Amino acid sequence: MSSAHCKQRPRFLIPLFTRKLLKSELTKDGGPTTHTPALAGWRWSTRIAPGRKDREKDPLLHHKVKTFETQRRIYDEVTVASTVLLDEQRAASEIVRCVEACLRHKRPVYIEVPHDIVDREIPITGIAPAASENSDPHTLDAALSEILSLIRAAKKPVILAGVELARYRTAGLVVRMAERMNIPIAADLLSKSAVPENHPLYIGVYGGAMSSDEHVRNYVESADLVLMLGTFITDMSMGFYTAKLDRGRTVLATSERVNVRYHRYDSIQFRDFLESLSAAKITHKHFKHPNPHALPEPLKKTERSQKLTMVDVFRVLSLHLDERCCVVADIGDDIFGAVGIRSARQAQFIAPAYYMSMGFAVPASIGVAMATKKLRPYVLVGDGAFQMTGVEISTAVRIGQAAHRSRPRHTCVPRPPIVRSLAPLGMTDGETTTAPDRPGTGTKDKSCRARNILRRLPQSA
Ligand SMILES: Cc1ncc(C[n+]2csc(CCOP(=O)(O)OP(=O)(O)O)c2C)c(N)n1
């Protein structure tokens with residue numbers, strides 16, 4: 001799914017004062033738009049932000065761009081709340097305000113801590129609790145009654161599961177609702193793997209011409225009701241304007257609003273909406289899976305001597321995906337090729353599917369491995385993106401996630417990340433295949449390398 005997947009809990013981000021500002025994770029994965037909860041502050045040289053004394057008379061300090069406010073003002077563009085803790089008396093309430101905004105909106109916030117306030121005791125009394133947000137019961141009832149009559153009348157409904165189901169931890173609720181009503185589930189690219197891809201009701205990734213296969217595209221586009229739950233409409237997820245989703249047969253419910261066909265309902269909390277919807281009594285729908293899950297098959301002997309295609313690479317990869325794996329894809333052929341991965345077991349999937357910024361996958365895999373030791377990241381990265389952040393592999397080695405050659409093998413974590421660049425496979429130009437029939441050419445060399453790499457992977461799961 002979008003880089004969103006493992007970020008339901010806020011992360012801490014401490015870039016170096018202004019220098020790493022626009023290269024930070026906040027901008028790299030479109031956090032402010034796709035809802036990435038994170039707390040950002042900054043450090044200045046070996047210390048954290050310049051102290052209150054440092055700011056007197058506005059001196060020129062290294063790394064300072066224009067004023068001491070510049071960094072916070074820039075971060076205002078990519079966060080939902082920001083503060084500079086210059087006043088001890090208000091520090092606690094400012095921190096609480098920002099953290100609450102982060103948790104509520106699932107978007108990043110910025111807290112700047114001057115180094116000379118870090119070890120001060122701050123008063124923590126009299127902090128006003130955030131006002132709770134409740135759904136307006138009449139609006140909720142009206143929206144539900146309109147939606148339920150649409151679902152009851154629908155002969156061929158489908159759910160388009162969105163990334164917010166993972167953000168708000170409501171995917172299980174929606175899957176249970178789908179099971180009770182027997183409604184199939186597709187995901188959009190941002191939401192790939194938000195619901196388990198091995199579920200019998202799961203039909204694949206829908207994104208117009210960029211759908212994972214024609215079956216899912218036909219199913220969604222011929223459905224008489226598309227329930228888009230927690231879905232963001234973006235150019236990428238809608239297949240660069242090729243998606244055919246007529247508003248007259250869609251419901252779009254997000255944390256921001258609920259749209260039912262041409263009507264818009266505000267003041268509804270997303271969770272309240274999903275809980276009420278899933279509790280409704282609906283007769284079992286008729287559903288025949290258009291493309292039932294099949295176990296990925298190893299390359300046959302004859303295929304292994306033939307030209308290697310992208311499809312082959314992803315097929316072999318699929319053999320290895322189980323509930324302990326997480327595919328982390330970078331931009332380019334990696335993300336588009338990975339759309340079709342539907343492991344018969346489980347495939348967690350993470351990619352910067354909204355912002356599409358190259359250089360995401362290698363560092364992201366470190367985050368995945370840190371977030372949970374249970375998941376082994378499989379990184380898919382092209383040579384271009386690898387050049388941007390591939391050096392981060394050294395971080396994986398330093399923190400013990402991957403083995404360094406000089407270390408004995410057993411010192412690495414049991415399942416180190418697998419970083420597989422497609423470039424050595426001769427896969428840098430889309431569907432290009434290698435050409436084993438041209439001996440002595442560079443392409444032949446790539447072909448040999450590609451096959452050697454594939455040979456090293458076990459061919460069965
Ligand atoms: C930071 C950034 N720079 C440029 C782009 C535009 N862009 C998208 S895909 C791509 C090529 C990616 O090349 P590579 O990583 O080798 O992947 P592949 O050729 O396998 O698709 C470029 C330059 C981008 N998305 N992000």
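The paragraphs below describe the surroundings of a ligand, two helix packings and two loop residues in a predicted model.

The ligand offers a starting point. Around the ligand there are 13 residues, of which Gly332, Met358, Gly382, Gly384 and Ala385 come nearest. The most is given to this shell by helix H14, residues 383–389, which supplies three residues. Sorted by class, the shell holds six polar, five nonpolar and two charged residues. Glycine is counted among the polar residues in this scheme.

The helix packings may be considered next, and helix H9, residues 270–279, takes part in both of those described here. One partner is helix H5, which spans residues 137–153. The axes of H5 and H9 lie 11 Å apart, and the angle between these helices is about 45 degrees. Angles under 35 degrees count as roughly parallel, and those from 65 to 115 as roughly perpendicular; H5 and H9 are therefore oblique to each other. Their crossing is right-handed. On the H5 side the contact is made by Leu140, Leu144 and Ile147, and on the H9 side by Asp272, Phe273, Ser276 and Leu277. The residues of this contact comprise five nonpolar, one polar and one charged.

The other partner is helix H7, residues 171–181, whose axis is 9 Å from that of H9 at an angle of about 20 degrees. Because angles under 35 degrees count as roughly parallel, H7 is roughly parallel to H9. The crossing of H7 and H9 is left-handed. Here Leu173, Val174, Arg176 and Met177 of H7 meet Leu274, Glu275, Leu277 and Ser278 of H9. By class, this contact of H7 with H9 has five nonpolar, one polar and two charged residues. Leu277 of H9 thus appears in the contact with H5 and also in the contact with H7.

Two loop residues remain to be described. Serine 193 lies in the loop between strand S8 (185–187) and strand S9 (202–205). Its phi is near 80 degrees, a positive value in a residue other than glycine. Serine 193 has 27 other C-beta atoms within 10 Å, and because 20 or more is the criterion for burial, serine 193 is buried.

Arginine 261 is placed in the loop between strand S12 (258–260) and strand S13 (263–265). Although not a glycine, arginine 261 also has a positive phi, of about 50 degrees. For arginine 261 there are 16 other C-beta atoms within 10 Å; this value falls between the limits for exposed and buried residues, so arginine 261 is partly exposed.

Methods: Residues numbered from 1 in each chain as written. Predicted model: local features only at pLDDT ≥ 70, side-chain atom pairs only at ≥ 80, totals over all residues. Near = placed C-beta within 6 Å. Helix = DSSP H or I, 4+ residues; strand = E, 2+ residues; numbered from the N terminus. Axes fitted to C-alpha atoms, helices over the stretch in contact; angles between N-to-C directions. Parallel < 35°, antiparallel > 145°, perpendicular 65-115°, else oblique. Left-handed = near helix turned anticlockwise from the far one by under 90°. Contact = placed C-beta atoms within 7 Å. Buried ≥ 20, exposed ≤ 12 C-beta atoms within 10 Å, placed from the backbone.
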